[in-house]
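Trainee: Could you take one part of this model and go through it closely with me? I'd like to know how enclosed it is, and then hear about the side chains and backbone elsewhere.

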Amino acid sequence: MRRMIAATAAAVLSVGLISATPALADSHGNGKGHGPGGKHAPADADRLTKAVKVNGVLRHLRQFQTIANRHEGNRASGLPGYDASVDYVESVLDKAGYDVTRQTFEFPFFRELSPAELTQLTPEERDLETAVFTYSGSGSVTGPVIPANNNVIPAPPEPGSDAGCAVSDYEPAPEEDAIALVQRGTCDFGLKAANAQEAGYDAVIIFNEGNPERTELAVGTLGEPSDIPVVGLSYDDAVDLVEADDVTATVATETETDLERETQNLLAEWPGTTKNDDEVVVVGAHLDSVTEGPGINDNGSGSAAVLEIAKQYADTKLVRKQQRPVRFAFWGAEELGLIGSQHYVDTLTDEERGDLYANLNFDMLGSPNFVRLVYDGDGSAFGLAGPAGSGEIEDLFLDYFEDQGLETDPTAFDGRSDYGPFIEYGIPAGGLFSGADDVKTEEQAEIYGGTAGEILDPNYHTPEDDITNVNTTVLQQLSDGAAFAVGTMGLSKQGLYGDNARTTARTQLAQQKDYQGDLALR
């Protein structure tokens, strides 16, 4: 899963869409829920769910771990470990009988070759915790640290700093090497860095804004490659630098960027036709890891679950009974900005996008300190509603887990994973998640166990995200929930929409996206 991403398109596109609220049979055939029902859906969906076992999912995860072990410890897009992962997934799907397609695309590859360093030299010498920004340039710069003119210290309760959003926010840099110190807020990280460079600075330190939940080490992406080193800093460390006199420091980064690196999405669909070929259910998970580790939970777990569901869908022959096509998708380059799924949706024709009935997304299903999380498709918990039909997908998952006697929590529908490009185009979406870098609350610890006050995946985006750090209990539970949703949506004769809502929604699916920006860049 990509770090610090929040897309606003869900709320934008949900405005004006007709809510799909016809009376539907529930996913268990009781006629009282909101999930898709139908004559054959309950037994067949249950059959698929029972066929998907955690041992099957773990078999794929062990293969992903072996691949990472053989390829510099990672499975990142643009590197050999990802190519080997694609080969493995393709071999499983091909053997199961699917038509498998590779979709090749170029993307701006980036990796850190050695850890970034930030050393304060005067008035005292000390190493400061830092991290490189994605697409930072390489180099070592020593010089005075000069704060932007409009950094807001102390920080107010609410975010709002616009420091560095204009070139004039920086004092003209001295002739010798100099380092700009600028506060997060309002505009893209990349714009802050570019403005500092235009003002003559040779490196940039971006520090967190200092409002509640914005005090830790600032990290993120510049969106596009920079020529100068750009690193992050916590708010408290930045305050120390601002309040000191005559601060000098060294910023050092070593990175690799390739604007035309190739990678692939992998798509699989059962050959033949269905009764509703214009209602394609896309079931996706990103296959790539970060360059720092093997990515077994993020997102080997989601990929392995989707792969095992596809395998069992074919092995049980339930795929031959499907009422609408299920297209299994394994996305590339998610970790650098949802690039693979965005490329897929962008390159469809309007008619092809109009045929996308729903997207189910599964990203991180085995977090060690887990919470069972369901995307808040109707916006009732976080106020970010998805396109019409997303609430019905949410209800499908909620009904399933309620029947299993398992509690769930909502998670914000904020575009942080590969469903984001789908909801930008008004395509209904939903999915499951076991948590990344959010902190577990006391209440959640009472419900799910684990440790309150710690993040849900302590190994997130690290080399320790390996096969030994996957919670198999939640992996089984969420894999089952995913299988039930796939079986229900693929096999149910009754869909998510009533006739009127379906007609209206289809006119929305092909509309041009109204994307208001990516808060990961801010």
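**A helix, then the rings and the backbone**

Mentor: Start with α13: 17 of its 20 residues are buried, so this helix is largely enclosed by the rest of the structure. Buried here means under 20% relative accessible area, exposed means over 50%, and partly exposed is in between (1.4 Å probe, protein chains only). Before going on, keep in mind that this is a predicted model, where local features need pLDDT of at least 70 and side-chain atom pairs count only at pLDDT 80 or more, while totals for chains, interfaces and linings use all residues. Residues are numbered from 1 along each chain as its sequence is written, and side-chain values use heavy atoms, with hydrogens and water left out.

Helix α13 covers residues 472–491, and its end C-alpha atoms are 28 Å apart, which agrees with the 28 Å expected at 1.5 Å a residue (that is, 1.5 Å times one less than the number of residues). Helices (H or I, at least four residues) and strands (E, at least two) are DSSP runs, numbered from the N terminus. At the N-terminal end of α13, N471 acts as the cap, with a side-chain oxygen 3.0 Å from the backbone nitrogen of T473. That is a polar contact: N or O atoms within 3.5 Å, one able to donate a hydrogen and the other to accept it, with sequence neighbours counting only if both atoms are side-chain atoms.

Now for R75, in the loop between α3 (54–70) and α4 (80–96). This arginine is buried yet has no salt bridge, and the nearest side chain of opposite charge, D465, is 7.3 Å away. A salt bridge needs a side-chain nitrogen of Lys or Arg within 4 Å of a carboxyl oxygen of Asp or Glu; Lys and Arg count as positive, Asp and Glu as negative, and His and the chain ends are not counted. What R75 does have is the backbone oxygen of L287, 2.7 Å from a polar atom of its side chain. R75 also lies over the face of F64, at 4.7 Å from the ring centre. For that label, NZ of Lys or CZ of Arg must be within 6 Å of the ring centre and within 35 degrees of the ring normal. K440 gets it too, with its charged end over the ring of F370, 5.6 Å from the centre.

On to rings meeting rings: the count comes to 20 aromatic pairs. Rings of Phe, Tyr and Trp (its six-membered ring) pair if their centres lie within 6.5 Å; planes under 30 degrees apart are stacked, over 60 edge-to-face, and the rest tilted. One of the pairs is F133 with F189, edge-to-face at 5.0 Å centre to centre and 80° between the planes. The two sit 56 residues apart, F133 in the loop between β2 (126–128) and β3 (139–147), F189 in helix α5 (residues 189–198). Both F133 and F189 are buried. Y313 and F328 make another edge-to-face pair, 6.3 Å centre to centre with 75° between the planes. Y313 is in helix α7 (residues 296–315) and F328 in strand β9 (residues 326–331), so this pair ties together parts 15 residues apart in sequence. Y313 and F328 join Y98 and W270 in one aromatic cluster.

Last, the backbone. The T122 to P123 peptide bond is cis, with omega near 0°, as is the one from D298 to N299. D246 has a positive phi, near 50°, though not a glycine, and this aspartate is exposed at 68% relative accessible area.
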